[in-house]
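User: I would like to go through this protein chain step by step. Please keep the answers plain and show the reasoning.

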Amino acid sequence: MNSDSDLQIAGDLLEVLHLLRPPREHPATVAEFAGLARTLAADRAQWAPLVRYDTTTRWYHRLRTGPGYEVWLLSWVPGQGSGPHDHGRSSGVLTVLEGELTERTESGARTLAPGAQRVFAPGYVHDVVNDTIGPAVSLHIYFPGLTEMPMHAASCAPRAEKAVHA
Ligand SMILES: [Fe+2]
């Protein structure tokens, strides 16, 4: 108990719910966006039936939108990758749902297993690839919604291209 204060709530706390801040309907902080991604990841019935795999082009599906953000579902067949890119003025949360992805950046490569999350700020450059022999699925939240995804050469110099999500 905090002895610096003599403030106490007397009576039944359930009777003062009107004084508490109601839960937000939409995420607003990085932690809340990451939490939304974890909640969606755990709700397999909501995304698993939607997943398609396309060997000719990267498959993605907008799962939901909210004020100032978008949630995308992506699939990756073996060998598919995004190429080095950034996310324009969007921040994002990448969460692996199934399979395994490799994220390459200038500072090295990391393996992302199911449940792994990467939070990135505007301007963050990475290359995401499925280096395994099995398919992978990932969930991406962008805030604000992704409007451009500049591609980078190996030297990481940007060249403009339309958004294709990763
Ligand atoms: Fe990306």
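User: Which pattern of helices and strands does the protein chain follow along the sequence?

Analyst: This is a predicted model. The protein chain holds two helices and ten strands. Read along the sequence, the pattern is α-α-β-β-β-β-β-β-β-β-β-β.

User: What is the radius of gyration of the protein chain, set against a compact globule of 166 residues?

Analyst: Along the principal axes, the C-alpha atoms fill a box of roughly 65 × 35 × 30 Å. A compact globule of 166 residues would have a radius of gyration near 15 Å. For the protein chain the value is 20 Å.

User: What percentage of the 166 residues count as buried?

Analyst: A residue counts as buried when its relative accessible area is under 20%. The protein chain exposes about 9500 Å², and carbon and sulfur atoms supply 55% of that area. Of the 166 residues, the share that counts as buried is 40%.

User: Which elements give two or more residues to the largest nonpolar core?

Analyst: The largest nonpolar core has 17 residues, and Tyr 69, Val 71, Leu 73, Leu 139 and Ile 141 touch the most other members. The elements that give two or more residues to this core are α1 (30–42), β1 (59–66), β2 (69–76), β3 (91–98) and β8 (136–143).

User: Which residues does Val 71 touch, leaving out those up to four places away in sequence?

Analyst: Val 71 is one of the core residues that touch the most other members. A contact here means heavy atoms within 4.5 Å. With residues up to four places away in sequence not counted, Val 71 touches Leu 36, Leu 40, His 61, Arg 62, Leu 63, Arg 64, Leu 139, His 140 and Ile 141.

User: Is the peptide bond from Phe 143 to Pro 144 cis or trans?

Analyst: Most peptide bonds are trans. Pro 144 sits in the loop between β8 and β9 (151–152). The bond from Phe 143 to Pro 144 has omega near -5°, and it is cis.

User: Is Ala 48 buried, partly exposed or exposed?

Analyst: Ala 48 lies in the loop between α2 (44–47) and β1. Buried means under 20% relative accessible area and exposed means over 50%. Because the relative accessible area of Ala 48 is 26%, this residue is partly exposed.

User: What distance separates the C-alpha atoms of Ala 48 and Thr 65?

Analyst: Ala 48 and Thr 65 are 17 residues apart along the chain. In space, the separation of their C-alpha atoms is 18 Å.

Notes:
Residues numbered from 1 in each chain as written. Predicted model: local features only at pLDDT ≥ 70, side-chain atom pairs only at ≥ 80, totals over all residues. Heavy atoms only, no water. Helix = DSSP H or I, 4+ residues; strand = E, 2+ residues; numbered from the N terminus. Rg over C-alpha atoms; globule rule 2.2 N^0.38 Å. Buried < 20%, exposed > 50% of the residue type's maximum accessible area, 1.4 Å probe, protein only. Areas by Shrake-Rupley, 256 points an atom, 1.4 Å probe, with all protein chains shown as cover. Core = buried A, V, L, I, M, F, W, Y, C linked by side-chain atoms within 4.5 Å.
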